[in-house]
Amino acid sequence: MKAHFKRPFSVYVKKARKPLQLAVQDAVDAVCANPDIGEAKVGDLAGIWVYKFKFQRQEYLVAYRPPTVEQRRQGVDIEFLVIDFYQVGSHENFYDELKRYLRAEGRP
């Protein structure tokens, strides 16, 4: 599956140090290999999944939207399906910032 990185995700990774960038890339690879690896969110964040990983005893979260079940069932080749990665960061204010971004993007 292909990965599409939204602006908050790209900015965070760009500002991070190289070891953290590599850890985030490993997390992205894990999600692309198995999109159901994360945890589905409900309520305001319905449709968003979050994958958690640890780096230097700190827990980081990666928010993403995998292809829908209908897209997977339609027989579309896996290589053409896209996963949108919205945000990465530590737990502090993670969900508030994610909701703020999704509202600004125009998603209800």
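**Exercise 1. How many Å should the 16 residues of helix α2 span, and how far apart are its end C-alpha atoms?**

Before we solve it, a word on the model: it is predicted, so local features need pLDDT of at least 70, side-chain atom pairs count only at pLDDT 80 or more, and totals for chains, interfaces and linings use all residues. Residues are numbered from 1 along each chain as its sequence is written, and side-chain values use heavy atoms, leaving out hydrogens and water.

*Solution.*
- Step 1: Find the helix. Helices (H or I, at least four residues) and strands (E, at least two) are DSSP runs, numbered from the N terminus; α2 covers residues 18–33.
- Step 2: Work out the expected span, which is 1.5 Å times one less than the number of residues. For α2 this gives 22 Å.
- Step 3: Compare. The end C-alpha atoms of α2 are 23 Å apart, which agrees.

**Exercise 2. Which residues of α2 are buried, and what do they pack against?**

*Solution.*
- Step 1: Recall the cut-offs: buried means under 20% relative accessible area, exposed over 50%, and partly exposed in between (1.4 Å probe, protein chains only).
- Step 2: Pick out the buried residues of α2: Leu 20, Ala 23, Val 24, Ala 27, Val 28, Val 31 and Cys 32.
- Step 3: Look for their contacts (heavy atoms within 4.5 Å). These residues pack against β1, α1, β3, β4 and β5.

**Exercise 3. Which residue forms a salt bridge with Lys 6?**

*Solution.*
- Step 1: Use the rule that a side-chain nitrogen of Lys or Arg must lie within 4 Å of a carboxyl oxygen of Asp or Glu.
- Step 2: Apply the rule. Lys 6 pairs with Glu 105, with the closest N and O atoms 3.3 Å apart.
- Step 3: Place both partners. Lys 6 lies in the loop between β1 and α1 and Glu 105 in helix α4, so the pair ties together parts that are 99 residues apart in sequence.
- Step 4: Check exposure. Lys 6 is buried at 17% relative accessible area, while Glu 105 is partly exposed at 36%.

**Exercise 4. Which side chain of opposite charge is nearest to Asp 84, and with which side chain does Asp 84 make a polar contact?**

*Solution.*
- Step 1: Locate Asp 84 in strand β5 (residues 82–90).
- Step 2: Find the nearest side chain of opposite charge. It belongs to Lys 6, 4.6 Å away, and buried Asp 84 has no salt bridge.
- Step 3: Turn to His 4, whose side chain makes a polar contact with that of Asp 84 at 3.2 Å. The cut-off is a pair of N or O atoms within 3.5 Å; within protein, one must be able to donate a hydrogen and the other to accept it, and residues adjacent in sequence count only if both atoms are side-chain atoms.

Terms used. Lys, Arg positive; Asp, Glu negative; His and termini not counted.
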